[in-house]
Amino acid sequence: MTVQRGKKLSISIQEHMAIDVCPGPIKPIQQISAYFPRLSPTSPTPVSPNPTSSPLSLSPTAVASSISGAQLLSPLLPYGRVGGGGGGGSLSLTSSVDTSVEINSSDSDDCTALGTLEFELRYEQSSSELHCTVLRAKGLKPMDFNGLADPYVKLHLLPGACKANKLKTKTIRNSLNPVWNETLTYVGITEEDMHRKTLRLSVCDEDKLTHNEFIGESRVALKRVKLGQTKHFHTCLEHPPPLPSPTATGEALRGISCYLREWEKEQLHSLEERGRLLLALQFVCPVGVEEKAGEKGGGGEGRREGLCVGVKRCAHLAAMDVNGFSDPYVKIYLKPDIQKKSKHKTAVIKKTLNPEFNEEFFYEISLSELANKMLEVTVWDYDLGRSNDFIGGVCLSAHSQGDTLRHWTECLKNRGQRIERWHILTNELPRTFSHD
């Protein structure tokens with residue numbers, strides 16, 4: 001651009017600011033990793049005689065210590081050996097990749113951001129109990145203004161009703177490294193549950209004025225626990241799995257997903273477990289026909305021949321009331337019974353999902369007649385002023401399947417013996433049954 005003599009060059013304010021402000025070409029900022037060469041554990045270390053000729057080094061001392069640095073960065077190499085030549089000291093490319101992944105995956109800053117949880121699991125097959133001992137947690141994420149937390153642990157069995165099978169430890173105040181040493185027990189856990197259910201352990205921070213805050217969780221498949229053995233776990237807490245966002249799909253796919261979600265709910269509802277029932281059966285023989293030493297149960301009913309039914313307890317019942325609980329009681333029938341003279345009822349236990357009844361009922365009947373009968377046991381929620389709600393039921397007869405058939409068969413074959421077994425309640429209401 002040429003400017004005539006005598007005329008003043010005019011520069012706009014934008015051009016003036018651009019000239020004054022622009023510092024020129026921006027140089028890249030050197031990072032700490034540039035001072036340390038990234039060397040493979042298997043590759044020989046290049047040692048340059050001239051310190052200034054190495055493109056990775058920024059100071060002569062860094063290049064002078066390249067050999068010792070290679071030994072520090074390669075802990076798997078033999079002592080005193082830098083290169084891979086001779087003596088079989090070199091590793092393959094596959095092994096070097098596996099080693100680097102393992103080292104990177106064990107970085108404590110990444111996998112312990114929320115803290116760690118230590119606990120033990122033990123399953124007792126004889127009593128159908130799952131014992132979870134919550135030991136301690138370390139390095140929990142601070143949740144309060146004082147930089148601490150008030151942690152406790154919640155347990156849930158998945159899949160299943162969260163309210164019915166929730167267990168909770170005590171709360172440790174003002175600690176990021178709490179120690180509980182508390183054992184929580186699930187009853188009515190079958191071998192099938194151990195193969196298909198998952199235990200979820202959630203660590204939360206208790207707040208008295210506001211809602212409790214979630215810190216992290218750990219999930220363990222129960223099939224990893226062997227029968228009669230204590231399994232020790234030391235896991236890192238994780239965030240809950242993300243839920244699919246409705247905005248991530250289009251309108252057409254969103255409609256299809258809603259339809260599939262409703263259909264899946266109906267399928268799950270048809271197979272929903274409504275709780276567990278511990279039932280005891282004993283066929284009592286008359287005195288003088290069959291006497292066994294050490295015979296247990298029966299009591300005063302041992303003089304007559306018949307079936308003794310013991311309703312022990314229920315566990316993990318479905319909540320039927322608005323308060324998240326139920327008022328359960330149990331009814332039993334020995335069918336066919338047109339006049340309903342075989343009906344027996346337990347007492348009502350208020351506001352619980354894990355009631356204990358410990359009641360026994362006796363049917364005077366011969367063994368030949370009992371073989372053609374069906375024992376129907378149902379659990380109901382008592383409601384004052386309106387019809388009671390059906391929770392679940394189970395039927396035992398020669399035409400049953402699975403655990404119910406085995407329980408019924410063992411009772412008929414082992415006369416005089418008291419046999420207890422847990423049963424899964426289903427939400428299928430018997431057609432010939434009324435909720436009177």
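In this predicted model, Arg313 is partly exposed, because its relative accessible area of 22% lies in the band between buried, under 20%, and exposed, over 50%. Arg313 belongs to strand 10, which covers residues 306–315. Leaving aside residues up to four places away in sequence, Arg313 touches Val187, Arg276, Leu277, Leu278, Pro355, Glu356, Phe357 and Trp422. One of these partners, Arg276, is 37 residues from Arg313 along the chain, and the two C-alpha atoms are 8.5 Å apart in space.

Turning to a sheet elsewhere in the chain list, strands 5, 2, 1 and 8 make up an open sheet of four strands, arranged in the order 5-2-1-8 with antiparallel pairing. At its edges are strand 5 (179–187) and strand 8 (230–236), each of which pairs on one side only. From one strand to the next, the twist averages 20°. Within this sheet, strand 1 (residues 116–124) and strand 8 run antiparallel and are joined by seven bridges. Thr116 takes part in this pairing, with Cys236 in strand 8 as its bridge partner.

Cys236 also invites a look at its surroundings. With a relative accessibility of 26%, Cys236 counts as partly exposed. Another cysteine, Cys395, has a relative accessibility of 28% and therefore counts as partly exposed. What is the count of disulfides in the model? A disulfide calls for a pair of cysteine sulfur atoms within 2.5 Å, and by this rule the count is zero.

Key:
Residues numbered from 1 in each chain as written. Predicted model: local features only at pLDDT ≥ 70, side-chain atom pairs only at ≥ 80, totals over all residues. Heavy atoms only, no water. Buried < 20%, exposed > 50% of the residue type's maximum accessible area, 1.4 Å probe, protein only. Helix = DSSP H or I, 4+ residues; strand = E, 2+ residues; numbered from the N terminus. Contact = heavy atoms within 4.5 Å. Pairing = 2+ DSSP bridges. Axes fitted to C-alpha atoms, helices over the stretch in contact; angles between N-to-C directions.
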